[in-house]
Amino acid sequence: MISSNQNPKIKLIHELYDSKGRKKHKLFVAEGNREIYIALQSGYKPRSIFISQDYTPKASYDLFNDFNIPLSLVFKVEQKLFSKISYRENTEAIIALFEWKNHDLNQFKLSANPLFIVVESVEKPGNLGAILRTADAAHVDGVIVCNPVIDLYNPNVVRSSIGCLFSVPVALASSSETIAWLKQKNIKTYAAALQQANFYHLYDYTSPTALVFGTEADGLSSEWIEQADYIVKIPMLGMIDSLNVSNAVAIMTFEAMRQRNFNI
């Protein structure tokens with residue numbers, strides 16, 4: 001049982017809560033039965049799993065039986081120390097370290113009629129996590145994060161996505177690369193903006209589609225505004241002129257799903 005904060009494995013966990021540490025080791029931390037289960041189910045490779053003295057497996061997320069995890073990867077941690085290495089208040093007494101995955105545009109496996117969510121320079125980890133939850137719920141082909149300013153494996157992205165970071169295919173790319181890739185794949189782009197735009201519900205999203213969103217503060221870059229196939233907007237009838245980006249993503253994504261009869 002690990003009981004010292006000076007243990008190299010414990011030091012590594014602390015290091016991975018920082019972006020520099022994650023980039024250095026190409027590892028990240030996931031906490032909780034559901035999140036770890038979804039990561040394993042989605043093909044993420046575990047490097048280590050840490051459980052506290054009072055860990056109790058959940059029947060719905062039976063990690064060790066369902067995935068045949070080698071005991072050599074599992075480490076028991078003294079309870080007081082475990083509370084110090086947890087990022088969340090409630091980790092369900094289990095933490096795992098996983099290897100990074102490839103997040104290149106070419107890793108996508110396109111369906112016959114793809115639907116993508118594209119976000120440019122999203123700034124808040126919680127917003128990205130919420131967007132990934134919408135993406136999972138709608139079962140889109142993927143999420144493309146353009147010109148990323150936050151670390152994809154930021155603990156707050158992992159936490160707020162409740163495991164959807166792992167279940168949804170995600171690519172990181174520049175806006176230029178994304179625009180070129182979507183055009184190459186004959187996927188029409190619908191950019192959410194305010195300028196010279198018609199309401200989003202007037203458009204047809206039943207063919208290959210990418211819904212594109214910018215930041216709440218600055219919106220989309222001129223590159224997207226100039227090169228998107230269509231500029232659309234969500235009606236705003238009050239004093240403010242924009243929604244939280246995760247809300248905007250949910251509204252337009254489920255309009256696309258409604259038009260596609262929810263793929264039923």
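In the predicted model, the largest pocket encloses about 420 Å³ of space. Its lining comprises 21 residues, and those closest to the pocket centre are Ala192, Ala193, Leu194, Gly219 and Ser242. Divided by class, this lining contains twelve nonpolar, five polar and four charged residues. The second largest pocket has a volume of about 230 Å³. Fourteen residues line this second pocket, with Lys101, Asn102, Gln107, Pro169 and Val170 nearest its centre. Seven residues of the lining of the second largest pocket are nonpolar, four are polar and three are charged.

Enclosed space was examined as well. One cavity of 30 Å³ or more is counted, and the volume of the largest cavity is about 80 Å³. The residues that line the largest cavity are Tyr17, Val29, Ala30, Glu31, Glu35, Tyr87, Arg88, Pro155, Val158 and Arg159. Six of these lining residues are nonpolar and four are charged, whereas none is polar. At least two residues of the lining come from strand 1 (27–31), and at least two come from helix 7 (155–160). Because domain 1 (8–99) and domain 2 (105–260) both contribute residues to the lining, the largest cavity lies between the two domains.

The strand architecture includes an open sheet of seven strands, paired in parallel and arranged in the order 7-6-5-10-8-11-9. Strand 7 (170–173) and strand 9 (198–199) form the edges of this sheet, each pairing on one side only. Within the sheet, strand 5 (residues 115–120) pairs with strand 10 (residues 209–213) in the parallel sense over five bridges. Val118 of strand 5 has Val212 as its bridge partner in strand 10. Strand 5 also pairs with strand 6 (residues 142–146), again in the parallel sense and over five bridges. In this pairing, Val118 is set opposite Ile144 of strand 6. The connection from strand 5 to strand 6 passes through helix 6 (residues 125–138), and the resulting β-α-β crossover is right-handed. Gly142 is the bridge partner of Phe116 in strand 6.

Strand 6 is joined in turn to strand 7 by four bridges, and these two strands run parallel. Ile144 of strand 6 has Ala171 as its bridge partner in strand 7. Elsewhere in the sheet, strand 8 (residues 188–192) runs parallel to strand 11 (residues 230–233), with three bridges between them. Here Tyr190 is found opposite Tyr230 of strand 11.

Strands 5 and 6 were further examined for solvent accessibility. Strand 5 is mostly covered, as six of its six residues are buried. Burial extends to both of its faces: Leu115, Ile117 and Val119 lie on one side, Phe116, Val118 and Glu120 lie on the other, and all are buried. In strand 6, five of the five residues are buried, so this strand is largely enclosed by the rest of the structure. Gly142, Ile144 and Cys146 point one way from strand 6, while Val143 and Val145 point the other way, and all are buried. Thus Ile144, which stands opposite Val118 and has Ala171 as its bridge partner in strand 7, is among the buried residues of strand 6.

Individual residues outside these strands were also considered. Trp181 is located in helix 9 (residues 175–184). With a relative accessible area of 7%, Trp181 falls under the 20% limit and is therefore buried. Trp181 and Asn106 are 75 residues apart along the chain, and their C-alpha atoms are separated by 8.9 Å.

Positive phi values occur at two non-glycine positions described here, Lys26 and Ser121. For Lys26, phi is near 55°. This residue belongs to the loop between helix 2 (19–25) and strand 1. Lys26 counts as partly exposed because its relative accessibility of 44% lies between the limits of 20% and 50%. Ser121 has a phi of about 55°, and its position is in the loop between strand 5 and helix 6. Ser121 therefore belongs to the segment that follows the route from strand 5 through helix 6 to strand 6.

Terms used
Residues numbered from 1 in each chain as written. Predicted model: local features only at pLDDT ≥ 70, side-chain atom pairs only at ≥ 80, totals over all residues. Heavy atoms only, no water. 1 Å grid on protein atoms, 1.4 Å probe; cavity = no way out; pocket = protein on both sides within 12 Å on 5 of 7 lines; lining within 4 Å. Points joined across faces, edges and corners; volume = space filled by probe spheres on them. Nonpolar A, V, L, I, M, F, W, Y, C, P; charged D, E, K, R; others polar. Domains from an automatic or database assignment. Buried < 20%, exposed > 50% of the residue type's maximum accessible area, 1.4 Å probe, protein only. Pairing = 2+ DSSP bridges. Right-handed = clockwise from strand over helix to strand, strands pointing away.
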